Amino acid sequence: MPLHTLYVDLNSFFASVEQQLRPELRGRPVGVLPVMADTTCCIAASIDAKRYGIRTGTPVWQARRLCRDIVFVQARPATYVEIHHRIVAAVESCTPVGEVLSIDEMACELMGREREETQAIALGKRIKRAIYDQVGDMLHSSVGIGPNRFLAKTASNMQKPDGLVVIRREDLPQRLYSLALRDLTGIGRATEARLNRLGIHTVEALCAASADTLRHAWNGIEGERYYARLRGDTLAAPPTRRSSIGHSHVLAPDLRDPVSAQAVLYRLLHKAATRLRHYGFCAGSLGLHLHYLDNPHDRHWTGQTRFAPHADTFRFNAAFAGLWQRRPPEPAPILKVGVTFTELVEAHQTTRDLFDPVDRHAGLNAALDRINRRYGPNTLYFGGAHKGRGAAPMRIAFSHVPELQVERDG
Ligand SMILES: [Mg+2]
């Protein structure tokens, strides 16, 4: 049964970054504090500190009692965000990152042969190696692989540090029985209490409960979703049914002029084209989206162009240039830009246009993807994207990153 998701969770992220940057801290129990004060709590504990029972939320006084030799350091949020971006880039050098869930967690959709267990495990090992090589050898990660994101995340929690765990659909539900209810994502104190009131005290009982019971426990449709997730069902549309691939980016203040915006758009276009090819799709339509600053009426402009489906960056460049020409005069600085590929078809299903040699650039596109995957996303790029390089390093929603205050589960 195919696997669908690979989940990467960095171990003791903040503390590991400190040990990476400050070699004198390596191998020592380290507690990261929001401020250097005796009245505060650890927001992260190093792998070594965890062996003493110190974790996120342990008060300073208690940490000292648990381990006399603990070293406290003050958190450096900006540094952690910077390292976060480098880790995402390292993972992207192996496979596209589907979604960044927090500063130290991300999910990747497995595609094609990666869905076979041996290939998925090999990919997991490559990702760990890429993080060590490209970011630092103190940055251990736990990789979980499963039939859906929920189970992949659960697998990533089953072995720490430096884990690599696969949950196969055929091993369900027994594979989950060693966990406590609260070990499962989505079950907090309140949900646990409701489950207990319904007579559910173990994961085994949770797996045996009917969809109706779980609907009752979650007080709605989320309970049925949980029932499906526990069984390995994927609830999001599977990637073969995906209807669009796109990227958007909010421009920094110094990039809100048309020339800079265009450069960022080329970067987004090339990133989307790389993903398109990685997933084995051709696109039959390209959309360009511009949102303007100072807009009382949500001023924006969208242009779209259609063509015989292909996956060639060179011809996407030409299609994009045509769209860019068609845009109206800027009514205000450009705040946000985006591109979207739609009318996706699987590459092997496209009927090739006899007068349009689709494969003319195939070798070059493949080489471009290989080099950028191997050496990082900006190694080779098109001239037009030069100014946009680094402006949109990742589809990292900044709404995720401010979770800097608390490292969720180490
Ligand atoms: Mg973590």
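# Exercises on a predicted model

Four strands make up an open sheet, ordered β9-β12-β10-β11, with antiparallel pairing. The model is predicted: local features need pLDDT of at least 70, side-chain atom pairs count only at pLDDT 80 or more, and totals for chains, interfaces and linings use all residues. Residues are numbered from 1 along each chain as its sequence is written, and side-chain values use heavy atoms, with hydrogens and water left out.

## Exercise 1: the open sheet

Task: state which strands stand at the edges of the open sheet, and what packs on the sheet.

Solution.

Step 1. Strands (E, at least two residues) and helices (H or I, at least four residues) are DSSP runs, numbered from the N terminus. Two strands pair if DSSP finds at least two bridges between them.

Step 2. The edges are β9 (245–250) and β11 (300–310); each has a single partner strand, so one side of each is left without a neighbour in the sheet. From one strand to the next the twist averages 10°.

Step 3. Strand β10 (residues 281–292) is joined to β11 by eight bridges, and the two run antiparallel. L288 has G303 in β11 as its bridge partner.

Step 4. Angles run from 0 to 180 degrees between N-to-C directions, with axes fitted as lines to C-alpha atoms, for helices over the stretch in contact; contact means heavy atoms within 4.5 Å. Helix α11 (residues 258–278) lies across β9, β10, β11 and β12 (334–346), and runs at about 25° to β12. Helix α12 (residues 313–326) packs on the sheet and touches β10, β11 and β12, its direction making about 150° with that of β11.

## Exercise 2: strand β1 and the magnesium ion

Task: describe how β1 is covered and paired, then list the donors of the magnesium ion.

Solution.

Step 1. Buried means under 20% relative accessible area, exposed over 50%, and partly exposed in between (1.4 Å probe, protein chains only). In β1, six of its six residues are buried.

Step 2. In a regular strand, side chains alternate between the two faces of the sheet. On one side of β1 are T5, Y7 and D9, on the other L6, V8 and L10, and all of these are buried.

Step 3. β1 is joined to β6 by five bridges and the strands run antiparallel; T5 stands opposite E109 in β6. With β7, the pairing of β1 is antiparallel over six bridges, and L10 stands opposite S141 in β7.

Step 4. Donors are N, O and S atoms within 2.8 Å of the metal (3.2 Å for Na, K and Ca); water is not among the atoms, so sites may look incomplete. The magnesium ion is coordinated by D9 (OD), L10 (O) and D104 (OD) at 2.2 to 2.3 Å. The sequence spacing of these donor residues is D-L-x93-D.

## Exercise 3: the nonpolar cores

Task: which elements supply at least two residues each to the largest nonpolar core?

Solution.

Step 1. A nonpolar core is a set of buried Ala, Val, Leu, Ile, Met, Phe, Trp, Tyr and Cys residues joined through side-chain atoms within 4.5 Å. The largest one has 40 residues, and F13, V32 and I87 have the most contacts inside it.

Step 2. The elements are β1 (5–10), α1 (13–21), β2 (30–33), β4 (71–74), α4 (77–92), β6 (105–109), α5 (117–134) and β7 (141–146). Helix α4 gives the largest share, seven residues.

Step 3. A second, separate core has 34 residues, including A273, L286, I334 and L344.

## Exercise 4: backbone exceptions

Task: locate the cis peptide bonds and the residues with positive phi.

Solution.

Step 1. Most residues other than glycine have a negative phi, and most peptide bonds are trans.

Step 2. K160 and P161 are joined by a cis peptide bond with omega of about -10°; P161 lies in the loop between α6 (149–156) and β8 (164–166). Another cis peptide bond joins L172 and P173, with omega of about 0°, and P173 is in the loop between β8 and α7 (189–197).

Step 3. D162, which is not a glycine, has a positive phi of about 55°. D162 lies in the loop between α6 and β8 and counts as partly exposed because its relative accessibility is 39%.

Step 4. N219 has a positive phi near 60° and is found in the loop between α9 (211–218) and α10 (221–230). With a relative accessible area of 69%, N219 is exposed.
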